2 protein chains.
Amino acid sequence: MSAAHPVPSTASDAVWKALADPTRRQLLDELRRGPRTTGDLCGLFAMTRFGVMKHLRQLEEAGLLLIERRGRERWNHLNPTPIREIYRRWIRPFEEEGADQLLQLKRVAERGVAAKPTRKKTR
Amino acid sequence: MSAAHPVPSTASDAVWKALADPTRRQLLDELRRGPRTTGDLCGLFAMTRFGVMKHLRQLEEAGLLLIERRGRERWNHLNPTPIREIYRRWIRPFEEEGADQLLQLKRVAERGVAAKPTRKKTR
DNA sequence: TCAATATGTGACTAAAAGGTCACCTATGAG
DNA sequence: CTCATAGGTGACCTTTTAGTCACATATTGA
């Protein structure tokens, strides 16, 4: 696909995908409290070890994990940088521009009518 | 599943899922500049009208869209509130606690060794 | 050495998601 | 009314993703 209007597919796509799953968000929440071994993390979920490991791999590929090997153990460390990146480049802009938009929305919700924008070519 | 450790499945799950797709993020980016009709939005992508409409529906179900009907047109308005909610309840905490964690990570990356945490039961 | 522990890989199944198509409804202009 | 236009729905196909299982490797302690 992606002929005339290719989908960007930036490097942060993997981060968004990683954050989309509740299990992975829970993993990040746990790692926010400190580093954990893979085995520790497996004990937190109702799925098998392999399922958790698959999630960990996706987090790692998204750059959200730094991994430290100690003998036969693997300590997983959270890397918050990609999340900050997403915030700076995507979420914060929504915070900034929201003020007057919210007023418009209030009108839409209350009266079913907003400011009337001029129409473009509809194709 | 979800036997011993049920996955939360909060109301914001739909928002995360909605944000996971690059096409939907692009739609939100466009709507951030102002309200658009469904037809307008369809012209921005290389997919058919139906594909775009499916994405719009998912955005709506996640609460990210407010819809205003004007005759036979539908004006889609961005509702930034759910994104702010996600920021406040999930992303901002990562910003706050990150400082010392980042120091630890530097050690991990540079020397391959971090502070040695005490081990728990591995199961 | 030997066995228990901790982790890793590849193939496989089932469900969900992205996308298209055929078809339908409603509105506005003449 | 009539017809072109904007929007909407459901079935359908294809790809991706979540999760499991069988099997394999590496490390530690006795």
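## A tour around two DNA strands

Start by selecting H4 of chain A, then helix H3 (38-42), H4 and strand S3 (73-78) of chain B: each supplies at least two residues of the surface near DNA strand D. Here "near" is for a residue with a heavy atom within 4 Å of the strand, and helices (H or I, at least four residues) and strands (E, at least two) are DSSP runs numbered from the N terminus.

Before you click on, know that this is a predicted model, where local features need pLDDT of at least 70, side-chain atom pairs count only at pLDDT 80 or more, and totals for chains, interfaces and linings use all residues. Residues are numbered from 1 along each chain as its sequence is written, chains are lettered from A and ligands numbered from 1 in the order in which they are written, and side-chain values use heavy atoms, leaving out hydrogens and water.

**Stop 1: DNA strand D.** Show the 24 residues that surround this strand; A:Thr48, A:Lys54, A:His55, B:Arg57 and B:Arg69 are the closest. Of the strand's atoms that come within 4 Å of the protein, 57% are sugar and phosphate. Which helix gives the largest share of this surface? H4(A) does, with five residues.

Now look for polar contacts (pairs of N or O atoms within 3.5 Å). Zoom in on B:Arg57, where a polar side-chain atom sits 2.8 Å from a phosphate oxygen of DNA strand D. Then pick A:Arg72: an N or O atom of its side chain is 3.0 Å from a base oxygen of DNA strand D.

**Stop 2: DNA strand C.** Switch strands and you'll find 25 residues around DNA strand C, with A:Gly39, A:Arg49, B:Thr48, B:Lys54 and B:His55 the closest. This time H4(B) gives the most to the surface, with five residues. At B:Thr48, a backbone N or O atom lies 2.8 Å from a phosphate oxygen of DNA strand C. Select B:Arg72 next: a polar side-chain atom there is 3.0 Å from a base oxygen of DNA strand C, while a side-chain N or O atom of B:Arg72 is 3.1 Å from a base oxygen of DNA strand D.

**Stop 3: a pair of rings.** Leave the DNA and select A:Trp16 and A:Trp90. Their ring centres are 5.4 Å apart and their planes are at 75 degrees, so the pair is edge-to-face (centres within 6.5 Å, planes over 60 degrees apart, using the six-membered ring of Trp). A:Trp16 is in helix H1 (residues 13-20) of chain A and A:Trp90 in helix H5 (residues 81-111) of chain A, 74 residues apart.

Terms used:
Polar contact = N/O pair within 3.5 Å; in protein donor to acceptor, adjacent residues only side chain to side chain. Phe/Tyr/Trp six-rings, centres within 6.5 Å; stacked < 30°, edge-to-face > 60°.
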